[in-house]
Amino acid sequence: MRSEVGTTIRLSEYAPPSYLVSAVSLTFRLYPRRTIVKAALSVQLNLGTVPGTELVFDGDGIELLSLTLNGLPVDATTTPEELRIAGVPHEPFTLEIETAIDPEANLALSGLYRSNGVYCTQCEAEGFRRITYFPDRPDVLSVYTVRIEALSSEAPVLLSNGNPGEAGELPDGWHFAEWHDPWPKPSYLFALVAGDIVGAFDRFTTMSGREVELGVYVERGKESRTGWAIESLKRSMKWDEEVFGREYDLDVFNIVAVSDFNMGAMENKGLNIFNDKYILADFRTATDTDYANIETIIAHEYFHNWTGNRITCRDWFQLCLKEGLTVYRDHEFSADMRSRAVRRIAEVRTLKSAQFPEDGGPLAHPVRPTAYREINNFYTATVYEKGSEVIRMLRMVIGDSAFRVGMDRYFGRHDGDAATIEDFLACFEEASGRSLAQFALWYHQAGTPQITAETQYDKDNERLVLTLDQFVPPTPDQTDKKPMHIPIAFALFRPDGAHFSVSKQSDLVQDGIIHLTEQRSEVVFDGIDEQPVVSLLRGFSAPVTLDIGQPEADRIFLARHEDDLYTRWQALDRLATDTILASYRQSGGRELAGSADALIALYGEVACDEGQDAAWRALTLTLPGEATLGREAGLNVDPDAIHDAREALLSAIAESHASDFAEIYGALGTNEPYSPDALSAGRRALKLVLLDYLTVAEGGAARGKDLFDRADNMTEEAGALENLILRRPQSTEAKAARAAFEARHGDDPLVMDKLLGMIARVPGGDAPTRILEAMEHPNYVETNPNRVRALIASFAGANPSGFHRPDGSGYRILADVIARVAPQNPQLGARLATHFRSWKGLETTRRAAAYEVLQSLRNKPDLPLDVRDIIDRTLS
Ligand code: TRP
Ligand code: ZN
């Protein structure tokens, strides 16, 4: 076991490795309870290391069987956590290490483990050291050759990184396969899979004519659900060639889906390993959302081949170098595959619900952190999603063509390197010929910048003055912030919806963007001959909050006439948020505040606007989420009142448009067979949003039950069931539908997860009881992260009124699960613990209840470092 207190690792203390490993040869003899690993490492002093320096390699729970240096016994100090050799030769030498591991007992899902009988590995960030002693850090790059031996009946398929080599039979029903990866890589990209799995195959011809064999492997019986993954992979490969000029570089590309996995997927070189939730899809078992997630995650892992693998990170502080950039790339891919505006709305929703609360709470950290106790706790929305927003802004700041030149320079110059953010930014400084020193603050300063905007229009002088202030709030360990370079995309509209032309007004303004670089800036627009409507932060050009003193009429104008569809959504979303928060403040959510008539009318217009994409209408008709509303409400938040306030607006919209909505709903039926394309998915999404409104307006459960009974695809089947379970949990219709759903899909854990997720999201006071009951469901298994996330993370993260009970019952459920899960799977435990991060913003009763639960969790004796780190920071 690693130390429970842990030490703090600091970026400022980075030192290059003393020893390099140029080649690694691994032989695995696979036994469920006692796998034998033989590692032969070609080791040499790093340039600049003083000869005679002690060799120190990492381990984690290693059982050492034998150790030789150049074939001879060697004097070494070994513990399960470390290998130390004082006197190693000055010339390159070979270290041979034999270790034993128990994959079956590995429930941490890090290192070599078994998932449903399939041997698999997860080495990022520090899992390789659970396999053998190694300098387990991303700046040690080695060429790997792997030989796998296993019982043929237990593991007919044997996979590792790179290209396949020899394979054949061995005595006693065993067999072997060899793999060689010619591309030097850090240990975190090593992978091995062995098991009774089945592949679906295809081919891809790269831009230079190289033939690549593609394989998607799944557990036996699931082969019919691989088609969408393969389609998505081929489109990703083509897109990276066309948009970034990046070609694939091995003869094979394999993907394996496993059912026990801590995250979404992993980009191991030539052998991606996926959570099966993000591979398996057919119309009977996967929803449109599943299809979209699969498409984007396949792309993400594939794109890592260049941004992550060919160019990797020097150290884990540089994590955003690969993650932020790769998220940016998968966002662009999805935008090209689907509707750009619709994707942007989804991105911003995720950013606001996952990253903003992180940035505004005790777990806030810069996109490039400078210290950590447990690196697994830094695979965060800040590193991933805000990291992607930073790349997006970089492109906006230097322009499309300089961005492309900079990317090419980065790929060309750093191929084969373990690089830093400074290396990356230097490529764009050269490409654009400008300093990015201030822009780089986006990597270094935590916290969501707050922008305040004021406008003054002077009709006589035909002049508009826009005053912008920025404030970067203090965050843990960072009190004084410098002004940042914030690109604010904008437009000025005439009352008829035409744009004012505002080119060349000032240095601060270029191509529709105000470059805010000071704490306060005044931007003057001349020749504005009538009162304009100002639209700011178009396309969500920067991850900031914006407070603009603007007449309600202007906001409504933008919600109706903004010609950028993302920004039109943003305007309506802002109006809805303000109305809900006003209701919350004025009556604790019991009544809708003020005259919301104009807003309610807008929702009718959106629903009926046949000229717009159905997906856009569906998203726009979806009111802001309760967690986001709670965050915007500020301090002393009462989640029940937030829930009621949101419901008040929802009911008012439902009642005033019931007949229109029913008509549109009726017209959305189709007899065509299911297709996952964006257009059809949009129509189904719109149908389900309307179903929710209609259920509220009409009462009863008939409409939901009717859709459930007629549904011929999982999107509508699960959507209708969710409508029944969330809106009418006690109805006979809900019970009947649930029983039918379980009868149909009870043997499919991924589909049952959807049911657990619905139960977890039923709002209100009964939620904790319902969760305890659902924990008895046969599908709920606490060793499988998907099951725990479906029920517990959905409850804690997506059901504010149900989780935040004033009596603390919701918090106690979460703490109990963490206490059980964390000792076996620290990463999962730590993820769950982050759901306490916003406790300080709650009203006093809930705050006190959360504090008490957090304290008693902190006092648990066998809490792993991962969880301790999150709890300590949450309480600090
Ligand atoms: N690098 C992976 C990705 O973003 C995610 C990852 C990091 C991961 N650590 C992990 C996956 C641990 C599984 C387990 O694509
Ligand atoms: Zn990634």
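Donors are N, O and S atoms within 2.8 Å of the metal. The exercises below concern a predicted model.

**Exercise 1. The zinc site**

Task: Determine which residues coordinate the zinc ion (ligand 2), what spacing the donors follow along the chain, and which parts of the chain His304 and Glu323 tie together.

Solution:

Step 1. The zinc ion (ligand 2) is held by His300 (NE2), by His304 (NE2) and by Glu323, which is listed twice through OE, at 1.9 to 2.8 Å.

Step 2. Along the chain, the donors of the zinc ion (ligand 2) are spaced as H-x3-H-x18-E. His304 sits in the loop between helix 2 (288-303) and strand 22 (312-313), while Glu323 belongs to helix 3 (residues 319-337), so the pair ties together parts that are 19 residues apart in sequence.

Step 3. The six donor atoms of the zinc ion (ligand 2) make angles of 47 to 160°. Six donors count as octahedral if opposite donors are over 155 degrees apart and all others between 65 and 115. The site of the zinc ion (ligand 2) is irregular.

Step 4. Buried means under 20% relative accessible area. His304, with a relative accessible area of 0%, is buried, and Glu323, at 1%, is buried as well.

**Exercise 2. The surroundings of ligand 1**

Task: State how many residues surround ligand 1 and which are the closest. Then examine the peptide bond between Glu124 and Ala125.

Solution:

Step 1. Ligand 1 is surrounded by 15 residues, and the closest are Glu124, Glu267, Glu301, Glu323 and Tyr384.

Step 2. A nitrogen atom of ligand 1 lies 2.5 Å from a polar side-chain atom of Glu124. For Glu323, the distance from a side-chain N or O atom to a nitrogen atom of ligand 1 is 3.1 Å. Tyr384 has a side-chain N or O atom 2.6 Å from an oxygen atom of ligand 1.

Step 3. The peptide bond joining Glu124 and Ala125 is cis, with omega about 0°. Ala125 is part of the loop between strand 11 (118-122) and strand 12 (142-151).

**Exercise 3. Two helices, 10 and 11**

Task: Compare the end-to-end reach of helix 10 with the span expected at 1.5 Å a residue, do likewise for helix 11, and find what the buried residues of helix 11 pack against.

Solution:

Step 1. The expected span is 1.5 Å times one less than the number of residues. Helix 10, with 23 residues, reaches 33 Å from its first C-alpha to its last, close to the expected 33 Å.

Step 2. Helix 11 (residues 597-608) has twelve residues and should span 16 Å; its end C-alpha atoms are 17 Å apart, which agrees.

Step 3. In helix 10, 18 of the 23 residues are buried, so this helix is largely enclosed by the rest of the structure. The residue after helix 10 is Gly588, with a positive phi near 60°.

Step 4. The buried residues of helix 11 include Leu599, Ile600, Leu602 and Tyr603. Their partners in packing are helix 9 (552-561), helix 10 (565-587), helix 12 (614-621) and helix 14 (639-667).

**Exercise 4. The loop between strands 26 and 27**

Task: Thr475 and Asp477 lie in the loop between strand 26 and strand 27. Is Thr475 buried or exposed, and is Asp477 buried or exposed?

Solution:

Step 1. Thr475 has 8% relative accessibility and counts as buried. Asp477, at 83%, counts as exposed.

Step 2. The side chains of Thr475 and Lys481 are joined by a polar contact of 2.8 Å. Beyond residues up to four places away in sequence, Thr475 touches Asp359, Ala364, Ala446, Gly447 and Lys481.

Step 3. Asp477 is not a glycine, although its phi is positive, about 70°.

**Exercise 5. Two buried leucines**

Task: Locate Leu158 and Leu707, and name residues in contact with each of them.

Solution:

Step 1. Leu158 belongs to strand 13 (residues 157-160) and counts as buried at 6% relative accessibility. The C-alpha atoms of Leu158 and Ala194 are 4.5 Å apart, with their positions 36 residues apart along the chain. Contacts of Leu158 outside four places in sequence include His175, Phe176, Trp179 and Ala194.

Step 2. Leu707 lies in helix 16 (residues 702-710) and, at 2% relative accessibility, counts as buried. Among the contacts of Leu707 outside four places in sequence are Tyr665, Leu688, Leu691 and Ala720. The C-alpha atoms of Leu707 and Leu691 are separated by 9.1 Å.

Conventions: Residues are numbered from 1 along each chain as its sequence is written. Chains are lettered from A and ligands numbered from 1 in the order in which they are written. This is a predicted model: local features need pLDDT of at least 70, side-chain atom pairs count only at pLDDT 80 or more; totals for chains, interfaces and linings use all residues. Side-chain values use heavy atoms; hydrogens and water are left out. Donors are N, O and S atoms within 2.8 Å of the metal (3.2 Å for Na, K and Ca); water is not among the atoms, so sites may look incomplete. Four donors count as tetrahedral if all angles lie between 85 and 135 degrees; four count as square planar and six as octahedral if opposite donors are over 155 degrees apart and all others between 65 and 115; anything else is irregular. Helices (H or I, at least four residues) and strands (E, at least two) are DSSP runs, numbered from the N terminus. Buried means under 20% relative accessible area, exposed over 50%, partly exposed in between (1.4 Å probe, protein chains only). Contact means heavy atoms within 4.5 Å. A residue is near a molecule or strand if one of its heavy atoms lies within 4 Å of it. A polar contact is a pair of N or O atoms within 3.5 Å; within protein, one must be able to donate a hydrogen and the other to accept it, and residues adjacent in sequence count only if both atoms are side-chain atoms.
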